[in-house]
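Trainee: Could we go through this structure together, question by question? I should like the reasoning behind each answer as well as the answer.

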Amino acid sequence: MRRAVCPGSFDPITNGHLDIIGRASKLYDVVHVAVLVNPNKQGMFTIAERIAMIEETCAPYGNIQVESHSGLLVDYCRDRGIPAIIKGLRAVSDFDYELQMAQMNHGLTGVETLFVPTSPTYSFLSSSLVKEVAGYGGDVSHLLPETVHRNLVQRIAERQG
């Protein structure tokens, strides 16, 4: 069985993330979506909320498993027998950082990293940018799945109270 992991914080999941996950789901029998926990960052959504949104939006693919992980991604891969990490690249600047990570991960465990160029439609898109624009009242509905957009608007309203 061919398996890979798409890691990220997914706070929240965007159409750019879904582009990469969806493309990976066509290449692998099972795609694990690992919501990485960073104890030094306070997310807009809880880990459980992120997982629920990912499960809902990825359900049509039929071969996605979603869970959280704290620690090294290579440990996640080793524990589950996953030989490949799928990373989306938006720009050359992403490549510099991701190449170093890929080389470190391969050196630690032999896990391969495959880079997938992001669709030009989403080449500028990040969760941070979406949250910032939405926080100022900008329309980001075309950048997120409908349910995620609804949750984002609600969360911003709660915080602005």
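Trainee: In which loop is Phe45 found?
Mentor: Residues are numbered from 1 along each chain as its sequence is written, and side-chain values use heavy atoms, with hydrogens and water left out. The model is predicted, so local features need pLDDT of at least 70 and side-chain atom pairs count only at pLDDT 80 or more, whereas totals for chains, interfaces and linings use all residues. Helices (H or I, at least four residues) and strands (E, at least two) are DSSP runs, numbered from the N terminus. On that basis, Phe45 is found in the loop between E2 and H2.

Trainee: Is Phe45 buried or exposed?
Mentor: Buried means under 20% relative accessible area, exposed over 50%, and partly exposed in between (1.4 Å probe, protein chains only). Since its relative accessibility is 4%, Phe45 is buried.

Trainee: Which residues does Phe45 touch, not counting residues up to four places away in sequence?
Mentor: Contact means heavy atoms within 4.5 Å. By this criterion Phe45 meets Asp11 and Pro12, and also Arg50 and Met53. The list for Phe45 is completed by Asn151, Leu152 and Arg155.

Trainee: How far apart are the C-alpha atoms of Phe45 and Leu114?
Mentor: Along the chain, Phe45 and Leu114 lie 69 residues apart. In space, the separation of their C-alpha atoms is 28 Å.

Trainee: Pro12 is among the contacts of Phe45; which residue precedes the cis peptide bond to Pro12?
Mentor: Pro12 lies in the loop between E1 and H1. The bond leading into Pro12 has omega near 0 degrees, and the residue before it is Asp11.

Trainee: What is the phi of Phe10?
Mentor: Phe10 is also in the loop between E1 and H1, and it is buried because its relative accessible area is 3%. Its phi is positive although the residue is other than glycine, with a value near 50 degrees.

Trainee: What span should H1 have at 1.5 Å a residue?
Mentor: The expected span of a helix is 1.5 Å times one less than its number of residues. H1 has 13 residues, and its end C-alpha atoms are 19 Å apart, which agrees with the expected 18 Å.

Trainee: Which elements are included in what covers the buried residues of H1?
Mentor: The buried residues of H1 are Asn15, Gly16, Leu18, Asp19, Ile20, Ile21, Gly22, Ala24 and Ser25. Their cover includes E1, E2, H2, E3, E4 and strand E5 (112-117).

Trainee: What arc do the buried residues of H2 cover around the axis?
Mentor: The 12 residues of H2 reach 16 Å from first C-alpha to last, close to the 16 Å expected at 1.5 Å a residue. Arg50, Ile51, Met53, Ile54, Thr57 and Cys58 are the buried ones in H2. They lie on the same side of H2, because the arc, taken over the directions from the helix axis to the C-beta atoms, is only 165 degrees.

Trainee: Against which elements do the buried residues of H2 pack?
Mentor: One partner is H1, and two are strands, E2 (30-36) and E3 (64-69). The list for H2 ends with helix H6 (146-160).

Trainee: Why do the buried residues of H5 line one face of the helix, and which elements do they pack against?
Mentor: In H5, Ser127, Val130 and Ala134 are buried. They line one face because, seen down the axis of H5, they fall within an arc of 60 degrees. An α-helix has 3.6 residues a turn, so residues three or four places apart point the same way. The buried residues of H5 pack against H1 and H6.

Trainee: Which residue just after H5 takes a positive phi?
Mentor: The phi in question is about 90 degrees. The residue that takes it is Gly137.

Trainee: Finally, which residues does Asn105 contact, leaving aside its neighbours within four places in sequence?
Mentor: Asn105 belongs to helix H4 and is buried, its relative accessible area being 10%. Its C-alpha atom is 9.7 Å from that of Asp75, which is 30 residues away along the chain. The contacts of Asn105 are Val74, Ile85, Gly110 and Val111.
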